[in-house]
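Please open the structure in the viewer and keep the selection tool at hand. The stops below proceed from the whole chain to single atoms.

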Amino acid sequence: MREKGQDGHWAVLGMDRAQKLRDLAAWYRKFAERAGNPAIWDARLRTAEELEKKAGLLEQGRESRLVREVRTGDMSSLKTKGTALISGASSGIGAVYADRLAKRGYDLILVTRNRSRLAALAGRLESETGRSIETIPADLNDEVDLGLVETTLRTNATITLLVNNAGVGATAPLLESDIEKMDEMIRLNVGALTRLTYAAVLGFVARGGGTIINIASSVAISPETLNGVYGGSKAFVLALSLSLHHELARKGVRVQAVLPGATATEFWHIAGLPVSSLRSGNMMSAADLVDAALAGLDQGEIVTIPSLPDKAEWDAFETARRAMSGKLSNATPAARYGIEHSNQPEL
């Protein structure tokens, strides 16, 4: 690296980034040493080696993108908004979020089970955007894998945004469903999402800021649609998001719940309902969905329903809900039940 003038400034920046990469690599090596799962051991060591290689290139001044920007004085693309961790990132909605957030200036940590897709997406985005893209191959229904992602959220202070996108769905009625599959769905859609959220907000609150985007579903407010357990799991995501907004907004943490309608992703195939059986006029592309959701985030929405034509309808729904919430506890039953009020002392 050059050591004078503007180039000298970028040399310092490169060395600083190199040290951060080496620190992160050391953490991955430490985790690998504790891992009881050989696959996790190998994956973490590979990640550590990749980080150390990048750090070496930065220290030697041979990272082509950095050298090019040093020579041209183009500093804009090296600025970062922090790191976004995206679960379920290899395809569909998650992959579009990865693309859009990288182009908005975020470095990325991508989490998903599909290793080949994850590697391909990371390589493409790193090449196209120049952002730092890390990957964590993980099954969030696996205790060890989930723990790895939780630890990343707790310990990586560069993370400023969490996108909870990982989830599965179902379309069959409850009586026609496999209860073991329903249990897996609850553990992923509810359990894993809650644990990742908790891991992230600890650091966000401590650092005075951060954003959580929870991908729910329109079935959260339309439980008669699709499978009731799936709808219940997404109603949980909506309720958690509203509660977190109430609890954390004054601590600098933003929370957005996104409620997609029918979206053209692999969701339908996995859930057992061919896309061909759905009306195409009701099906939104994943790209349009994510772009609308991010526009909603920019506009300060807490709940974003990309398909809903008139936001006033949601506002009226929410206003009625909040007005009713003040009437849900009372010492006497409502008169319509015809119950004589008991004057017995409280226990």
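**The whole chain**

The protein contains 11 helices and nine strands; helices (H or I, at least four residues) and strands (E, at least two) are DSSP runs, numbered from the N terminus. This is a predicted model, in which local features need pLDDT of at least 70 and side-chain atom pairs count only at pLDDT 80 or more, while totals for chains, interfaces and linings use all residues. Residues are numbered from 1 along each chain as its sequence is written, and side-chain values use heavy atoms, with hydrogens and water left out.

Display the surface first. About 18500 Å² is exposed, of which carbon and sulfur atoms supply 53% (Shrake-Rupley method, 1.4 Å probe; for residues, only the protein chains shown count as cover). Of the 347 residues, 44% count as buried, that is, under 20% relative accessible area (1.4 Å probe, protein chains only). Among contacts (heavy atoms within 4.5 Å) between residues at least 6 apart in sequence, 69% join residues at least 24 apart.

**The nonpolar cores**

Select next L85, V111, L140, V149, L153 and L238: these have the most contacts inside the largest nonpolar core, which has 38 residues. Such a core is a set of buried Ala, Val, Leu, Ile, Met, Phe, Trp, Tyr and Cys residues joined through side-chain atoms within 4.5 Å. At least two residues of this core come from each of β2 (107-112), α6, β4 (159-164), α7 (179-207), α8 (228-248) and β6 (253-258). Helix α7 provides the largest share, eight residues. Apart from this core lies another, of 29 residues, among them A84, A95, I215 and L294.

**Helix α6**

Select residues 143-155, helix α6. Its end C-alpha atoms are 18 Å apart, which agrees with the 18 Å expected for 13 residues at 1.5 Å a residue (1.5 Å times one less than the number of residues). The buried residues of α6 include D145, L146, V149 and L153. At the N-terminal end, D142 acts as a cap, with a side-chain oxygen 3.0 Å from the backbone nitrogen of V144.

**S87 and L140**

Which strand holds S87? The residue belongs to β1 (residues 83-87). S87 is buried, at a relative accessible area of 1%. Its side chain reaches the backbone nitrogen of N165 at 3.0 Å, and a polar atom of that side chain lies 2.9 Å from the backbone nitrogen of A166; both are polar contacts (N or O atoms within 3.5 Å, one able to donate a hydrogen and the other to accept it; residues adjacent in sequence count only if both atoms are side-chain atoms).

Finish at L140, which touches S87 and A166, and also V149 and L196, among others.

Conventions: Buried means under 20% relative accessible area, exposed over 50%, partly exposed in between (1.4 Å probe, protein chains only). Lists of a residue's contacts leave out its neighbours within four places in sequence.
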